[in-house]
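Work through the exercises below with the sequence and the structure at hand. Each task is followed by a solution in steps.

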Amino acid sequence: MHDVTELLTLGPEAVRRLARRRYPLDVAALKAAHRRRTTALAALSGLRAEAKAASRGHGAGTPGEQARRAARRLREQVQQAQAAADRAEAELSELLLAIPNLPLEQVPDGHSDTEAVEVRRGGPPVQEGTPRAAHHADLGEALNILDHSRAARLSGARFTVVRAAGARLERALADFFLDLHTTEHGYTEYSVPYLVNRQTMTGTGQLPKFADELFATAVGDRELFLVPTAEVPLTNLVAGELLPDARLPLAFTARTPCFRAEAGSYGRDTRGILRLHQFEKVELVRICAAQDAPGQLQLMVEHAEECLRRLELSYRVVLLPAGDLGFSARMTYDLQVWLPGSNTFREISSVSDCGTFQARRAGIRVRTRGGGKEPAATLNGSALPIGRTLAALLEQHQRPDGSVELPKALQPYAGFARILPDGTPE
């Protein structure tokens, strides 16, 4: 969420930067809403002062009937002014909550992932031009570790059942990621709720913008949302708090299921386990002082890359263009893993710097060493999603006989070194 004064001060600059995201900022509507709120608050303040003065005047004795009627009228006016101020505040908030974050200047122009700028590559060199490997969906079915038909009977499209060595491999990946991040990268592991309230979703920017992308539940008058990512509960762990500068940065991690309606994405990635309504992911969140966010972003990218390096996976890092940024992000690096079964790189992690955007919405502030109070900066990233990593492992580590070799770093967690062509772990 933006500070309206800062946004209006930027004026044409804010319009230009948001236009890079294809968002048309209506400055006139924003100014009008800001003016209405300012006027309403001024009227409320004046009436409250008048009521306070009248109350002091009556303190010396018992007021007469005329004075009591005047006091009642004044109280009614204060109530009406309060209601008007609340309406003006709600109107302005509705406008501000719909405005995405401003992209940083170093973010390239463009509107799709095809216009992302490649920064570097890592892992084993990609063997482009070699015969295409089996797609993970076909390989998983052949190994009898992925079962899409039974999942469809249970829940419909965009779900999968993972069994036997595949299920063990998923558990191994989650434990490997969590151990790496907590023992070597300094994150504190959390177990968080998978159902959160509207305020929590609003704090990280999922609401009101992405209501159609979420799975919601209601029991009586209680409304809760299934988390689309652990970023939501992890970031909001400190919502409404004033954090001492000396405590920062905070580094949180959690493994959670993620639930996404994937509205508007039908027809994309329909095969396999790349785009499901339910999947598991290990998420990283860091909270820091605003001036430290750029350095923290680079650190988080390194943490996500380390997962891929140790799994001996070919990947590349790209800088997303302004038009492809997530709603709350001002800068995002995508890590894209090589999928030889599709002969392409596909996104496996997004690591985003949200600046103070989420912190303003969630009320996360920093008390500086000088005693001041400032909005914190928040950052988040996947490190890594379990399903997409499993797909990459199957495709990159498959062997000509149909078996799949596990990278050495994962073998102690899985308890086996490879999956034989019949699906048996060995």
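**Exercise 1. Classify the two partners of a salt bridge.**
Is Glu283 buried or exposed? Do the same for the residue that pairs with Glu283.

Solution.
- Note first that the model is predicted.
- Glu283 has 2% relative accessibility. Buried means under 20%, so Glu283 counts as buried.
- The partner is Lys281, with the closest N and O atoms 2.5 Å apart. The cut-off for a salt bridge is 4 Å.
- Lys281 has a relative accessible area of 4%, so Lys281 is buried as well.

**Exercise 2. Place a salt bridge in the sequence.**
Which parts of the chain does the pair Glu118 and Arg316 tie together?

Solution.
- The two side chains meet in a salt bridge at 2.9 Å, N to O.
- Glu118 belongs to strand E1, residues 117-122. Arg316 belongs to strand E11, residues 315-319.
- The pair therefore ties together parts 198 residues apart in sequence.
- Check the accessibility. Glu118 is partly exposed at 35%, and Arg316 is partly exposed at 21%.

**Exercise 3. Follow a salt bridge within a helix.**
How many residues apart are Glu306 and Arg309 in helix H10? Which network do they belong to?

Solution.
- Helix H10 covers residues 293-310.
- Glu306 and Arg309 are three residues apart there, about one helical turn.
- Their side chains meet at 2.8 Å, N to O.
- Glu306 is buried, at 16%. Arg309 is partly exposed, at 32%.
- Now widen the view. A network of salt bridges links Glu306 and Arg309 with Arg120, Glu184, Glu302, Glu305 and Arg310.
- The whole structure holds 23 salt bridges.

**Exercise 4. Look for disulfides.**
How many disulfides does a search of the whole structure find?

Solution.
- The search finds zero.
- Take Cys258. The nearest cysteine sulfur is that of Cys307, 15 Å away. The cut-off is 2.5 Å, so Cys258 is in no disulfide.
- Cys258 is buried, at 0% relative accessibility.
- Take Cys288. The nearest cysteine sulfur, that of Cys354, is 11 Å away. Cys288 is in no disulfide either.
- Cys288 is buried too, at 1%.

**Exercise 5. Describe the whole protein.**
What is the secondary structure of the protein, and what share of the residues is buried?

Solution.
- Count the elements: 13 helices and 18 strands.
- Of the 426 residues, 49% are buried.
- Add the span: the C-alpha trace covers about 100 × 45 × 40 Å along its principal axes.
- Finish with contacts. Among those between residues at least 6 apart in sequence, 74% join residues at least 24 apart.

Methods: Residues are numbered from 1 along each chain as its sequence is written. This is a predicted model: local features need pLDDT of at least 70, side-chain atom pairs count only at pLDDT 80 or more; totals for chains, interfaces and linings use all residues. Side-chain values use heavy atoms; hydrogens and water are left out. Buried means under 20% relative accessible area, exposed over 50%, partly exposed in between (1.4 Å probe, protein chains only). Helices (H or I, at least four residues) and strands (E, at least two) are DSSP runs, numbered from the N terminus. Contact means heavy atoms within 4.5 Å.
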